[in-house]
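Me: I'm new to reading protein structures. Could you walk me through a few features?

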Amino acid sequence: MVRPAQAGRTMKRQARVRARLPLLFGLKETQRMNTFHCQNCGHPIFFENVRCLKCSSDLAFLPDRMTMSAIEPADRADDGAPLWRPKPRPQKRPSAARYRLCHNNAAYQACNFAVPGDDPNPLCVSCRQTHTLPDLSQPDNIQRWYRIESAKRRLFYTLAKMGLLDATPPNGERDGPIFEFLADQPGQQVITGHAQGLITLNVAEADDAERVKRRIEMHEPYRTLLGHLRHEAGHFYWDHLIGPLPDRLERFRELFGDERQDYTQALQAHYSGGQPPGWQDDYVSAYATAHPWEDWAETWAHYLHMVDLLETAASYNTRLTVPGTDSDVEDVINPLEAGAPDFDALVDQWVPVTLLVNSLNRSLGQEDAYPFALSVAALRKLRFVHDVICEKKKEQDAEDAQQAQDAKAAKP
Ligand SMILES: [Zn+2]
Ligand SMILES: [Zn+2]
Ligand SMILES: [Zn+2]
């Protein structure tokens, strides 16, 4: 499915695709994300890295620039706190920008996000969303917390890129869902879920053995920390983007069903009776059959899987065509980038990319990374999620433009 470059045809196809595509997520055409490189030595770096493996530069994610960067110590803040700045590229002048490391980096090495120097919050934009931690005096909990925060930063990245939360909220404020990470206590089991803006996650999900055990017990093909967080974020955004808007709510009910049916009873029925036969024709997963809210959250999570996977594939300059067809070879388009594809173009690329990633996994003796097949009805729901997010982004951009205009007009 991935063939050597056929540059001429590909470029023509790309130009054609781009010409008919709206600017979905508002970045400039020239901004290519997100293969991160150390700007000091050019070595590729991953989102989770804290040190460049080639030149040993310290690394941090800079939320105001939405990129990973090599950093170096700069001057000190007025209160004596150490400040950092992006390392200059060879033969370039150092940047005037200043950052602090997130408090959870300094205290626990549990975070690689930086905090802009003028942001008064000691915690980065991702860590400040965590309201309650497990008991960190227990060493296992530090490891669990680290893994969960790492998945949460990836969630943060995608939500911020889609315009669903502010990567640089003013005055050290928070934006997006709040999280609590809790451990079971004797006689008290922590249920992972969402309620009124608060996402609760049982930290046992960070233990591989425990998570796999639960996956098998629940007959689930896929269970990851990132999947949990994406799913629960779906509930959070339903409350903001669907519930309060009558027109959208009506469209939601047409596609997902009436969410006013009793939630507790629906879940009980799901766990005692299993899923209806033939559920694959209408739902992205068996759990999605439990209740319209769960259907939405599962579909939302799949949409985020799709966007993140395509962005990663695009950043590696992946080229593909659907196996068994003679269609043009084309570059995977970054859906978070300029000229992002409409939904059909996105799905056209999503399917072969998941086939590729599953085939690569099987070559290594691993299970399928994406063990799902999306039906026509599931894709219809996925398109609804896509449309809702795009509309929100458009509104946000209009609001930002208005604010910029007002600020300009207010200047003497
Ligand atoms: Zn380097
Ligand atoms: Zn942090
Ligand atoms: Zn749920």
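Reply: Sure. Axes are lines fitted to C-alpha atoms, for helices over the stretch in contact, and angles run from 0 to 180 degrees between N-to-C directions. Keep in mind that this is a predicted model.

Me: At what angle do helix α6 and helix α10 pack?

Reply: Two packed helices are described by the angle between their axes and the distance between the axes. Here, α6 (residues 246–256) and α10 (residues 376–410) pack at about 160 degrees, and their axes are 10 Å apart. Angles over 145 degrees count as roughly antiparallel, so that is how α6 and α10 run relative to each other. The crossing of α6 past α10 is left-handed. On the α6 side, R248, R251, L255 and F256 make the contact, and they meet R380, K381, F384 and V388 of α10.

Me: Now the strands. Which side chains of β9 are buried?

Reply: Look for alternation. In β9 (residues 178–182), F179 and F181 point to one face and are buried. I178, E180 and L182 point to the other face and are not buried.

Me: Which strands does β9 pair with, and in what sense?

Reply: Strand β8 (residues 130–132) pairs with β9 in the parallel sense, over two bridges. There, T132 stands opposite E180 of β9. To get from β8 to β9, the chain goes through helix α3 (residues 139–161), and this β-α-β crossover is left-handed. β9 also pairs in the parallel sense with β11 (residues 198–202), over five bridges. In that pairing, I199 of β11 is the bridge partner of F179, one of the buried residues of β9.

Note on methods: Residues numbered from 1 in each chain as written. Chains lettered and ligands numbered in written order. Predicted model: local features only at pLDDT ≥ 70, side-chain atom pairs only at ≥ 80, totals over all residues. Buried ≥ 20, exposed ≤ 12 C-beta atoms within 10 Å, placed from the backbone. Helix = DSSP H or I, 4+ residues; strand = E, 2+ residues; numbered from the N terminus. Pairing = 2+ DSSP bridges. Right-handed = clockwise from strand over helix to strand, strands pointing away. Parallel < 35°, antiparallel > 145°, perpendicular 65-115°, else oblique. Left-handed = near helix turned anticlockwise from the far one by under 90°. Contact = placed C-beta atoms within 7 Å.
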